[in-house]
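Thanks for sharing this one with me. Here are a few notes to read alongside the structure.

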Amino acid sequence: MSLLSIFASAILPIVLIAAVGVVLGRVKDVEPGPLNTAVVYVLAPALVLHSLMATELGGGTLLKLAAAVTAFTLGMAAIVELSGRLLGVDDATLSALVLVATFPNAGNYGIPVSDFAFGTVGRGVAVLYVAVQAVLMYTIGVYVASRGGGSAGLGAVKRVFRIPLIYAVAVGLLARALDLVPAADSTAMETLQLVGDASIPVMLLILGIQLANTDFGAAAPQITVATVGKMLVAPAVAVGVALLLGFDEPTVARTFVLESAMPAAVTPLMLLIEFADDVEVGGVSAPEFVSTVVAVTTVLSVPLLTLLISVLQSGLLV
């Protein structure tokens, strides 16, 4: 498995689409807000609903994976929160740090990488990982982002229940439980897939547009803690969770660790635009901070994920 193969199959498409967003952001006065709203309220729910109903992995695997993703997310959030409190980081900065260090880019980056590394099983696990993470992102993530914008408490919690994605997850699980999933080639499923697939390029365009207006010189000094947490601490936490839960299928455990080690996700950027766009982190806006972390961790992930995949396939970790 070569570095060039991983780059060409999983990273290059992401870089190209984001680059289009950068160009668009520089030549046109494009606001990411409306695009972000479309993703949060329409495209992402369709992606998760289709993924949940289309997966062929069994219920037992789904439950154990859900527990693993939840444990990993809560563990990372707690580690970053505690570290920030001990270092005296203010709430706004801490919220951005928690979001970027906790949530990996498990979807548009993680799914193709997992598929490339572990085949059909890897892709199926990655899709389930994304579905569970989506619930956590739009509950815990929304609360953290709202807290950073000064709206923590009951008001932030209420916002969670106005986001359609958590209802999409509930519908998908209910449809599977009651054996009401439409045929894969039905109009309903094909329409869901079409709408859901659109979320990936739109997310990357949002990232590119935000990067086009990012002052990297100002943001760079603020990203060290987030980058170390995302690229080094997160994989170690994931290995610990996988060993603790004891997956029956090694490929599932290895894909879980690989997904957890992905670079920072684009979705925290959208949450901060939606709920804390006026917050500053060390002199730059929260969205600029997150955009920079996403860009840096994505670049660093090329050699780091190549090494991790090699170690996981050897069976040395899980």
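1. A word on terms before we start: a residue counts as buried under 20% relative accessible area, as exposed over 50%, and as partly exposed in between. Leu12 has a relative accessible area of 30%, so Leu12 is partly exposed. Please keep in mind that this is a predicted model.

2. Leu12 sits in helix α1, which covers residues 3-27. On the surface, Leu12 joins Leu4, Phe7, Val15 and Leu16 in a nonpolar patch. Together these residues offer about 430 Å² of accessible area.

3. Now to the aromatic rings. The model has 3 aromatic pairs. One of them is formed by Phe72 and Phe256, with 6.4 Å from centre to centre and 85° between the planes, an edge-to-face arrangement. This pair links distant parts of the chain: Phe72 belongs to helix α3 (residues 59-87) and Phe256 to helix α12 (residues 250-260), 184 residues apart. Phe72 and Phe256 are both buried.

4. How are the rings of Tyr129 and Phe256 arranged? Their centres are 5.9 Å apart and their planes stand at 40°, so this pair is tilted. Because Tyr129 lies in helix α5 (residues 110-148) and Phe256 in helix α12, the pair ties together parts that are 127 residues apart in sequence. Tyr129 is buried, and so is Phe256.

5. Which residues do the ring pairs link into a cluster? They are Phe72, Tyr129, Phe247 and Phe256. When you look at the model, you might start from Phe256, which pairs with Phe72 and with Tyr129.

Conventions
Residues numbered from 1 in each chain as written. Predicted model: local features only at pLDDT ≥ 70, side-chain atom pairs only at ≥ 80, totals over all residues. Heavy atoms only, no water. Patch = residues over 30% accessible without salt bridge, like charges linked within 9 Å, V, L, I, M, F, W, Y side chains within 5 Å. Areas by Shrake-Rupley, 256 points an atom, 1.4 Å probe, with all protein chains shown as cover. Salt bridge = Lys/Arg side-chain N within 4 Å of Asp/Glu carboxyl O. Helix = DSSP H or I, 4+ residues; strand = E, 2+ residues; numbered from the N terminus. Buried < 20%, exposed > 50% of the residue type's maximum accessible area, 1.4 Å probe, protein only. Phe/Tyr/Trp six-rings, centres within 6.5 Å; stacked < 30°, edge-to-face > 60°.
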